[in-house]
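Let's take a walk through this one together. Have the sequence and the 3D view open, and we'll go from confidence to fold to contacts.

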Amino acid sequence: MIDYTYTIWIVLIPLIMFVILGLFGSKMKPNLAGILGSAGLFTTTILSYLTAYFYFFKAEPINGAFTSITAYNVEWLKFSDSLSIHLGVLLDPISVMMLVVITTISLMVHIYSIGYMKGDSGFQRFFAFLSLFTFSMLGLVVSTDIIQMYIGFEMVGLSSYLLIGHYYEKPSAVAASNKAFIVTRFADFGFLIGILLVSFYTGTFDFNVLTNNDASVYTSMGHASFLGMSALTWGMFLIFIGGAGKSAMFPLHIWLPDAMEGPTPVSALIHAATMVVAGVYLVARMFIVYHFQAPGTLEFIAYVGAFTSLFAAIIAITQYDIKRILAFSTLSQIGYMMLALGVSGYGGEGGVGYMASMFHLFTHAMFKGLLFLGAGSIIHAIHSNDLRDMGNLRKYMPITFITFAIAVLSISGIPPFSGFWSKDEILAAAFEHNKLIYFSSVLVAGLTAFYMSRLFFTVFYGKKTDYKHEPHESSLLMTIPLMILAFAATFAGFIPFSSFVTSDGKAFESSLSLSIAIPSVIIALSGIVLAFLLYHKKSDVPDKITVSLGFLYRATLNKFYFDEIYLFVTRKIIFNLISRPIAWFDKHIIDGSMDGIAWIIETTSIKIKGLQSGQLQQYAFVFVSGTIILVLFFAYWFI
Amino acid sequence: MNLQNFLLMRHELLLILLVIVIIFAEIFSKEETKHRIINFSIVLFFIQTVVGFLPVTQGELFGGMFQNDIFRSTFKNILNIGVLIVLLQSSAWLRKEENKEKISEYIILLLSTLIGMFFMVSSGDFLMMYIGLELASLPLAALAAYETKKAKSAEAGIKLLLISSLSTGILLYGISMIYGTTGSIYFADVAANFGNSSLQILGFIFFVAGMGFKISLVPFHLWTADVYEGAPIGITAYLSVISKGAAIFIFTIILYKVFGAISHTWNPLIYALAVATMTIGNLFAIRQNNMKRFLAFSSIAQAGFILVGILGLGDMGSTSVVYYILVYIFTNLAAFGVVSAIYNESGKENMDDYNGLYKTNPKLSLVMTLALFSLAGIPPVAGFFGKFFLFTSAASQGLYILVLIGVLNATLSLYYYLKVAKAIFIDPSDNPIPYFKSDFNARVGLLLCVIGIIVVGFAASIYEAIYSFSSLI
C-alpha cells in the first residue's frame, strides 16, 4: 500500500500561501509575491502529478477497479451522537483527475498573471486571492464528506467574488461580482437544503457511505414523499440545483457572462476550467445515487444540459465581446458535460457517458484555459475586448495566433486535437441513449465550430485596423503558458481515458466509432468554412490571393452567389429570427425576471415603510393587535 | 448562606460587588480624575469575566427560584464577554466632554441591567424571571435617554419605557393566568400541570407577546428602530446583542422546559413569528440609510433566524441557539464597534458617509466587511456555521419549507449587507471620512470581535462543548 497521507499538503500549501501573501503581501515587492505564489503552486502541482502517477500506475486495482482511498480524514465536528462532519482527502479516479486539472491550469494562470497583471496596484492581493481560490477548489474536489464539499462550494464562490471584483473601482465589475455571488449563493442554498434532506434520512454526510452502491441507506428516503415526489428525488434535485448554479446551467447561467468583468486570467481559471465545472463534478460524485435512486432527476439533468448547450451556442453567434463569446461557449461546453452524465449508464461500457463527461471536462479545461489566456494576450496587446476593434493580428502576435488556432480546432472537434476525442465520446453516448439530445448536440458542434471560427478569423485575419499603438506579442511569461497549454490541448485526446476514469472504476476499451465521428467532423468543418467565407473576406487582397488557392480560390470565384445565400441564411434568418430573439429573451426575460424579483422586493420594502411612523400610539396599537391576532390564530387553530 | 451558596451565585454577587466598588470610586475620586473610572471598571470587569469561567456546581437556591448549572453559567460567561466588548467600545465616547459628569452612572446602570439578566437566565420560576427582566429593562430606559441634551435620545428613553411597560403588563397578565390555572409559578410545577385548556393557551400567548417585545419579534418590534437610532451607540449595541441574547436564551429554556409538553401547540406560533420576523426585518433593512437603524432591522431579521433554530427542539435546538448567540455577539459588536468608532471621530452615522472609507481607513473597512460577511452567513467565518446549525436543527424536525424561507431570506440579506460593502469599497466620495486612529480600548474591542468571528467558526470544540452542556439541563 502506498501512503497517501502527504496529499493533505496538496490542499494546505495554497492555504499557507494565501495566509503569507494575505498578511505580508503588501510589504513585498510585487514580483516576489508572484514568484512565491507560483513556487507554492508548483510544489502542489508536482505533488498532484505524483499522486496521479501512484494512483493510476502504481497502485494495484482491486478486482480490476480503482478503489476510493481516504488518504486523510479527521473528525472536525460531532454534530449529534450519530452525525458528524469530517474534513479530509478522498482519492478516487475523478478527484485525482481534478487535482491534475486544477493544479495545471492554476499554475499556468499564476505564471501568466505575473506578466498580465504587471503594474496593477492590487498585484499582491490578486495573488493572495488566487491562492485562496486554488485552496478552496482543491479542498472541494477531495471532499470526503458532503459538507466539506458544500463549504468548498461556498468558498470558491467567495474567492470568485473577490477576484471578479478585483477592479473594484469599476462599477460594472462590482455589479457583476455581486450578481455572481448572489445567484450562485442562491443555488448553494438549494444544495444546502438538499444535503439536509439527504443527511436527515440517511444519517450521514460521508461520501463513502452515500456513494458505495448500497441502496439500503436510502430506503427510508424513498418512502417519504412530498408534492408527489419522493424525498430522495427532492434531495437529489436540490443538490443538482447547487451544481447547476456553479456550473451556470439555464436559467441560473446569468451570472457567468457578466463575471467576465474580472481580470482575464481569473476568467481562465475560475470561469472556464475549474469552478464552473464544480457542478459537473458534484453530479459525477453523486452519480451512482442519481443513477440508481433518482433516474428521473438524471433525465432532467440531461435535458437541462442539452438545452443550455444549444441555447448558449446560439447566443454566442451574436456577441462582439471576445470574452463574452468565450463565456457562452463555456456554458455550451459545460452543457455537453452535463448531458453526457445525464445520458450515461453505470458500469462498463454502459458508463461511456460518465467517462466522456470527465474526459471532456479534462480536455475542455486545457483548450478553454488556452482560449482565455490567448484572449487575455490579445486584450493586453490592444486594450479592448471588442471584436470590432480587432483584425489581422496574426502578423503582430504569431505565438498567440498559432496557439489560439490549436484551441479553436480543438473546441471545434477537428481531429486529431483533443476536443475531437472527448466530444466524440459524448456524441456516442448521446446517440445510444436519446436521439433528440444527440441531434441537438451535433447541431451544437456545428454552431461551436462556426462561432469560434468567426471569432478566430475576425481577430487574426479580417480587416486591417489602424492601431494607435502597434500591437506586439506578449512577454515570455505569458506565451510560455500558452505554449504548454497548446501542447496539452493537442495531445490530451490521446490519453486512454476509459482505462482510468469510469463510472465503476473498472477500465474498459472504448473505440472511435466512425459513424459518429464522420458526421460531426463534417458539420464542424462546414461551420468553419462558413465562418471563413463570411469573416475572412474582408482581409486585404494579397492575403486573399495567397490563402485562397485551390478549393478556396474557386470558392472565392463563386463568392457572388455563395455570399448572397449565406448572408441571407445567416444574417437574415439565423441572426434575426433565431439568435437575436434568443439573446433578447436571455437578456430581457431571464435577466429581467431576476431584476423583477429585486424590484418587487424593493417596492414592497418602500410600501411597508408607513408602518414605521415613529408614533408611539401606533406602536402600542400594533403591539396589542398583534397579540390579538395571535390569540385569534390559535382560537381558529384549536377550537 | 454558606460558601456553597455564594459559589452558586458567583456571577451575580461579583457583579453587585463591582457596582458597589464603582459607587465608592465615584464618591471618593476627584473631579479631574473621574475618567480613570473607565479603565478601572474595565479591568475589574475583565477580572470578573475571567473568574466567571471557573467551574460551577449545579444547584438551586431560595427553594428553586434560582438555579445554576454549567449551561447557564456558560451563557453568563458569553454575556460577560459581550459586555466587556461594549465597555471597551464605549470608553472613547464616555471620555467626551459632555459625558464627563456621568461616567460612572453609565457603567453602574449598564452593570445593573446585566445583573438583571443574570437573574433572569438563572431563574427557576416565573417570579424570578420577571424580576430579572424588569431589573434588566428599567436601567436600559435610563441609558437610552443618557444623552440628555439630545431630543432623540430622550425620545428613545421614553419610548422604550412606555412600550416596555405595556409589554410587561401583557407578560404579567399571561403569567397570572398560568399561575391561576396551574397553581404554581415554579417552572417544574407549571410544566407538570400544564394542560391544553384555552385559558392556559391564552396565558401562554400573552407570555410570548411579552417576550416578543424583548426579542423584538414582528409585530412587537416597532420600538426597535426608533430606540436604536436615538440611544447612544454603546447602548444600541447592548440592546441588540446582550439584552436580546439573554431574552432569547430564557425564552428558549422556558419553551423547552415548561411548555415542552405542548410543543405541537406552539410550533405553528413560533413558525409564523419566525417567518414574519425574518421577512419584515429584511424588507425594512433594505431601505435604511442610517447605520444604526440598518443594524436594528438586520438584528430583527437575525432574531427571526434564531426562532428557526428554536423549532429544532431538543439539545440540537438549544445548542444551535446558544452557539448562534455567541457568534452573533462577536459579529454584531464588530459592526457596532466600527460604527461607533466612526461616530466618535466624525459624528457621522449614515451609509452615504461611508463612501470611500476603504481608501482612508482600510483596517476599519476590513473589520466591517468581515462582520457583514459573518452576518450574511458566508463561510468560512463564524456566521455561516451559526446559520448552518440553526437551519440543520430545524431540518432535523423536517421543517423544510421553513428552512427554505430562511434560506431565501438569508440570500436577500446578503444583498443589503453587500450594499454597505459597496459604499465602503466602491462609491466615490468627495470628502470621505479622513484617516484616524481609534483609541486603544476600541481597538482591543474590535480585535476581540475579529478573533471571535474567526475562531468560533473553526473551533468545532466550542460547538461540542455547548452541545454537551445543553444535554445536562
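Among the elements of chain B, which has the lowest mean pLDDT and which the highest? This is a predicted model, so that's a fair place to begin. The low end belongs to helix 1 (residues 3–8) of chain B, with a mean of 74, and the high end to helix 5 (residues 103–121) of chain B, with 91. Taken over its whole length, chain B averages a pLDDT of 86, and 99% of its residues score at least 70. For the complex, the predictor reports an ipTM of 0.78 and a pTM of 0.76.

Stay with chain B for a moment and look at its overall build. You'll count 20 helices and 2 strands there. The globule rule gives 23 Å for 473 residues and the radius of gyration of chain B is 21 Å, close to that value, so chain B is as compact as a globular protein of that length. Along the principal axes, its C-alpha atoms fill a box of roughly 65 × 55 × 45 Å. Of the 473 residues in chain B, 61% are buried. The contacts reach far along the sequence too: among those in chain B between residues at least 6 apart, 79% join residues at least 24 apart.

Now swing over to chain A and find its strands 1 and 2. They run antiparallel and are joined by 8 bridges. If you want one pair to zoom in on, try Ile69(A), whose bridge partner in strand 2 of chain A is Leu91(A). Strand 2 (residues 84–91) of chain A is mostly covered, with 7 of its 8 residues buried.

Strand 1 of chain A turns up again where the two chains meet. That contact takes 43 residues from chain A and 47 residues from chain B. On the chain A side, the elements giving two or more residues are strand 1 (69–78), helix 5 (146–164), helix 6 (171–202), helix 24 (559–607) and helix 25 (616–638) of chain A. Sorted by class, this side of chain A has 30 nonpolar, 8 polar and 5 charged residues.

Finally, the core. The largest nonpolar core has 407 residues, and those with the most contacts inside it are Val283(A), Ala489(A), Ala144(B) and Ala334(B). Take Val283(A) as your way in: leaving aside residues up to four places away in sequence, Val283(A) touches Phe240(A), Gly243(A), Tyr290(A), Ile301(A), Met338(A) and Leu341(A).

How values were computed
Residues are numbered from 1 along each chain as its sequence is written. Chains are lettered from A and ligands numbered from 1 in the order in which they are written. This is a predicted model: local features need pLDDT of at least 70, side-chain atom pairs count only at pLDDT 80 or more; totals for chains, interfaces and linings use all residues. A nonpolar core is a set of buried Ala, Val, Leu, Ile, Met, Phe, Trp, Tyr and Cys residues joined through C-beta atoms within 7 Å. A residue is buried if 20 or more other C-beta atoms lie within 10 Å of its own, exposed if 12 or fewer, and partly exposed in between; C-beta atoms are placed from the backbone. Two residues are in contact if their C-beta atoms, placed from the backbone, lie within 7 Å. Helices (H or I, at least four residues) and strands (E, at least two) are DSSP runs, numbered from the N terminus. Ala, Val, Leu, Ile, Met, Phe, Trp, Tyr, Cys and Pro count as nonpolar, Asp, Glu, Lys and Arg as charged, and the others, Gly among them, as polar. The radius of gyration is taken over C-alpha atoms; the globule rule is 2.2 Å times the number of residues to the power 0.38. Two strands pair if DSSP finds at least two bridges between them. pLDDT is the predictor's confidence in each residue, from 0 to 100.
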